[in-house]
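Student: Please pick one part of this model for a close look, and then show me how it fits in with the rest. I work at the bench, so plain cut-offs would help.

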Amino acid sequence: MIFDPLYLVIILPGVLIGIWAQIKLSSAYGKYSQVPVESGMTGAAAAREILDQAGLTNVPVEEIPGRLSDHYDPTKRALFLSSDNFRGRPVAAVGVAAHESGHALQHQAAYGLFNVRMALVPVTQFASMAWMGLLLAGAFFHMFAQFLTIAIVIFTVMTIFQLVTLPVEYDASRRAKEQLFRLGLVHEQERAGVSKVLDAAALTYVAALVTSVLELVYFIMRAQGSRR
Ligand SMILES: [Zn+2]
């Protein structure tokens, strides 16, 4: 679809970090999906406990289809866990469920960056739709000046979004681990497993940020080149 070799060369590090992150996540998640938590809790039960202890008894924990489709929806004020993590009792499931609960805790605490990220979601959705529209219209191949300006605006929006997302994700994992240990939902020897799964998941956000920055760099370079 994209024929400019310069584009491929520039975004390559982002793609490679992305592949590495996916491999690390698959291996960590795969490994700790086989290790049951001693407490015998399901992901859903762990999330329920963390939310209840924080006074978030009105935030429902629901099951959704898909693999690693887990998320907290701030507009619905509800937590959604994939079947594996909802019903499962391994370290990985409890870790992911706790991470999503961490987002609910951020929402409750009105954590600044969480609010910024939430406000940026519609803007980012519009930007990515506009980008898809441009690609479908074949604008990429022509590289006219206006296209480059629009591309720079779009990737600036994407980069800011990824830049805000990264600390929000790390903070959610930090809150998750804190609550898991404080409430005794995972034992001492299970901590490392939780950390490995959550750190690997965070790495996918690092990859998304790097890719976004590199795409922005590419379009800035093209815009400067076309002015010469
Ligand atoms: Zn998250």
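Tutor: Let's look at helix H1, where Tyr 7, Ile 10, Ile 11, Gly 14, Gly 18, Ala 21, Leu 25, Ala 28, Tyr 29 and Tyr 32 are buried. Buried here means under 20% relative accessible area, exposed means over 50%, and partly exposed is in between, with a 1.4 Å probe and protein chains only. Helices (H or I, at least four residues) and strands (E, at least two) are DSSP runs, numbered from the N terminus.

A word on the ground rules: this is a predicted model, in which local features need pLDDT of at least 70, side-chain atom pairs count only at pLDDT 80 or more, and totals for chains, interfaces and linings use all residues. Residues are numbered from 1 along each chain as its sequence is written, and side-chain values use heavy atoms, with hydrogens and water left out.

Start at the N-terminal end of H1, which is capped by Asp 4: one of its side-chain oxygens lies 3.0 Å from the backbone nitrogen of Leu 6. This fits the polar contact rule of N or O atoms within 3.5 Å; within protein, one must be able to donate a hydrogen and the other to accept it, and residues adjacent in sequence count only if both atoms are side-chain atoms. Further along, H1 bends by about 50° at Leu 12, with a proline, Pro 13, following within four residues. That bend is the angle between axes fitted to the seven residues ending there and the seven starting there. As for length, the 28 residues of H1 should span 40 Å at 1.5 Å a residue, and its end C-alpha atoms are indeed 40 Å apart. The expected span is 1.5 Å times one less than the number of residues.

What does H1 meet? Here, contact means heavy atoms within 4.5 Å, and the lists that follow leave out residues up to four places away in sequence. Val 197 touches Leu 25, Ala 28, Tyr 29, Tyr 32, Ala 92 and Val 96. Leu 203, in helix H7, touches Trp 20, Ala 21 and Lys 24. Leu 203 is buried at 15% relative accessible area, and although it sits 185 residues from Gly 18 in sequence, the two are 8.1 Å apart in space, C-alpha to C-alpha.

Those contacts lead to the inside of the protein. A nonpolar core is a set of buried Ala, Val, Leu, Ile, Met, Phe, Trp, Tyr and Cys residues joined through side-chain atoms within 4.5 Å. In the largest one, of 37 residues, Leu 51, Val 61, Leu 180 and Val 197 touch the most other members. H1 (5–32), H2 (43–53), strand E3 (78–82), H4, H5 (112–136), H6 (145–182) and H7 (191–227) each supply at least two residues of this core. H4 gives the most, with eight residues. Apart from this core lies another, of 19 residues, among them Tyr 7, Ile 10, Leu 135 and Ile 154. In soluble globular proteins, nonpolar side chains tend to be buried together.

H4 deserves a visit of its own. Of its 18 residues, 17 are buried, so H4 is largely enclosed by the rest of the structure. H4 reaches 25 Å from its first C-alpha to its last, close to the 26 Å expected. His 99 and His 103 both lie in H4 (residues 91–108), four residues apart, about one turn of the helix. His 99 (NE2), His 103 (NE2) and Glu 169 (OE) coordinate the zinc ion at 2.0 to 2.1 Å, with the spacing H-x3-H-x65-E along the chain. Donors are N, O and S atoms within 2.8 Å of the metal (3.2 Å for Na, K and Ca); water is not among the atoms, so sites may look incomplete. Both histidines are buried, His 99 at 9% relative accessible area and His 103 at 7%.

Just after H4, Ala 110 takes a positive phi of about 50° in the loop between H4 and H5, and it is partly exposed at 47%.

To step back, the protein chain has seven helices and three strands, running α-α-β-β-β-α-α-α-α-α from the N terminus. Its C-alpha atoms fill a box of roughly 65 × 35 × 25 Å along the principal axes, and 47% of its 228 residues count as buried.
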